[in-house]
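Reader: I have a protein structure open in front of me, and I would like to learn how to read it. Could we go through it together?

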Amino acid sequence: MTKVQEYPGFAIEGCGKGKATWRLYTELCKGCGLCLVKCPINKKGDNCLKWSKEVGIYSTPAVEPDPTLCIACGTCERLCPDSAIRIDRN
Ligand code: SF4
Ligand code: SF4
């Protein structure tokens with residue numbers, strides 16, 4: 001039997017038109033903001049991925065998406081240098 005140890009974090013359900021769950025592992029997020037800059041919806045001028053009230057490893061804000069805007073494209077998941085984001089498609 002393999003035990004799976006999940007990192008502490010939070011999940012935002014209903015992304016990608018209800019087909020995906022977006023997760024942030026707070027002990028991995030260092031608050032660099034790279035994901036905010038690279039999110040294609042943010043680049044269009046909408047406020048999809050934004051700073052969260054939850055904090056990351058250095059007690060700086062983590063990030064979270066607006067599920068009504070997030071298209072679950074995976075850009076933030078791929079670009080996070082610390083693998084703090086995971087997107088599960090249902
Ligand atoms: S999720 Fe990753 S890219 Fe985004 S702020 Fe945290 S560490 Fe940086
Ligand atoms: S999955 Fe795509 S649209 Fe959703 S927050 Fe990440 S980069 Fe933005």
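Reader: Let me begin with a single residue: is Lys19 buried or exposed?

Author: Happy to start there, and keep in mind that this is a predicted model. To judge burial, we count the C-beta atoms around a residue, and 12 or fewer within 10 Å means exposed. Lys19 has 12 other C-beta atoms within 10 Å, so Lys19 is exposed.

Reader: Where does Lys19 lie in the chain, and which residues does Lys19 touch?

Author: Lys19 belongs to the loop between helix 1 (15–18) and strand 2. Leaving out residues up to four places away in sequence, Lys19 touches Ala72, Arg89 and Asn90. Take Asn90 as an example of how folding joins parts of the sequence: Lys19 and Asn90 are 71 residues apart along the chain, and their C-alpha atoms are separated by 5.4 Å.

Reader: How far apart are the C-alpha atoms of Ile12 and Cys32, which are 20 residues apart along the chain?

Author: In that pair the C-alpha atoms are separated by 20 Å.

Reader: What else can I learn about Ile12, such as the element that holds Ile12 and the residues that Ile12 touches?

Author: Ile12 sits in strand 1 (residues 9–14). Setting aside residues up to four places away in sequence, the contacts of Ile12 are Trp22, Glu64, Pro65 and Pro67. Ile12 counts as partly exposed because it has 17 C-beta neighbours inside 10 Å.

Reader: Now for strands. Which way do strand 1 and strand 2 pair, parallel or antiparallel?

Author: Here is a general idea to carry with you: in a regular strand, side chains alternate between the two faces of the sheet. In this model, strand 1 pairs with strand 2 (residues 20–25) in the antiparallel sense, over 4 bridges. On the other side of the story, strand 2 and strand 5 (residues 85–89) also pair in the antiparallel sense, over 5 bridges. You can follow one row by eye: Ala11 stands opposite Arg23 in strand 2, and Arg23 stands opposite Arg86 in strand 5.

Reader: How many helices and strands does the protein have, and what pattern do they follow along the sequence?

Author: The protein has 4 helices and 5 strands. Reading along the sequence gives β-α-β-α-α-β-β-α-β. A way to judge the overall packing is to set the radius of gyration beside a rule for globules. The radius here is 13 Å, close to the 12 Å that the globule rule gives for 90 residues, so the protein is as compact as a globular protein of that length. If you would like dimensions, the C-alpha trace spans about 45 × 30 × 20 Å along its principal axes.

Reader: What share of the residues is buried, and which residues have the most contacts inside the largest nonpolar core?

Author: Buried residues make up 24% of the 90 residues. The largest nonpolar core has 19 residues, and Leu24, Cys35 and Ile85 have the most contacts inside it. Strand 2, strand 4 (61–65) and strand 5 each give two or more residues to this core. Strand 2 supplies the largest share, 4 residues. As for Ile85, apart from residues up to four places away in sequence, Ile85 touches Arg23, Leu24, Cys35, Cys76, Glu77 and Cys80.

Reader: I also see two ligands. Which residues come nearest to each of them?

Author: A useful habit is to look at the closest residues, then at the classes in the whole shell. Around ligand 1 there are 13 residues, the closest being Cys29, Cys32, Cys35, Cys80 and Ala84. That shell has 8 nonpolar, 3 polar and 2 charged residues. Ligand 2 has 13 residues around it, with Cys39, Cys70, Cys73, Thr75 and Cys76 coming nearest. Its shell divides into 11 nonpolar, 2 polar and no charged.

Reader: One last thing, the backbone angles. What is the phi of Lys17?

Author: In general, most residues other than glycine have a negative phi. Lys17, however, has a positive phi, near 55 degrees. Lys17 is in helix 1, and Lys17 is exposed, with 11 other C-beta atoms within 10 Å. Ser83 is not a glycine either, and has a positive phi of about 55 degrees. Look for Ser83 in the loop between helix 4 (75–79) and strand 5.

Key
Residues are numbered from 1 along each chain as its sequence is written. Chains are lettered from A and ligands numbered from 1 in the order in which they are written. This is a predicted model: local features need pLDDT of at least 70, side-chain atom pairs count only at pLDDT 80 or more; totals for chains, interfaces and linings use all residues. A residue is buried if 20 or more other C-beta atoms lie within 10 Å of its own, exposed if 12 or fewer, and partly exposed in between; C-beta atoms are placed from the backbone. Two residues are in contact if their C-beta atoms, placed from the backbone, lie within 7 Å. A residue is near a molecule or strand if its C-beta atom, placed from the backbone, lies within 6 Å of it. Ala, Val, Leu, Ile, Met, Phe, Trp, Tyr, Cys and Pro count as nonpolar, Asp, Glu, Lys and Arg as charged, and the others, Gly among them, as polar. Two strands pair if DSSP finds at least two bridges between them. The radius of gyration is taken over C-alpha atoms; the globule rule is 2.2 Å times the number of residues to the power 0.38. A nonpolar core is a set of buried Ala, Val, Leu, Ile, Met, Phe, Trp, Tyr and Cys residues joined through C-beta atoms within 7 Å.
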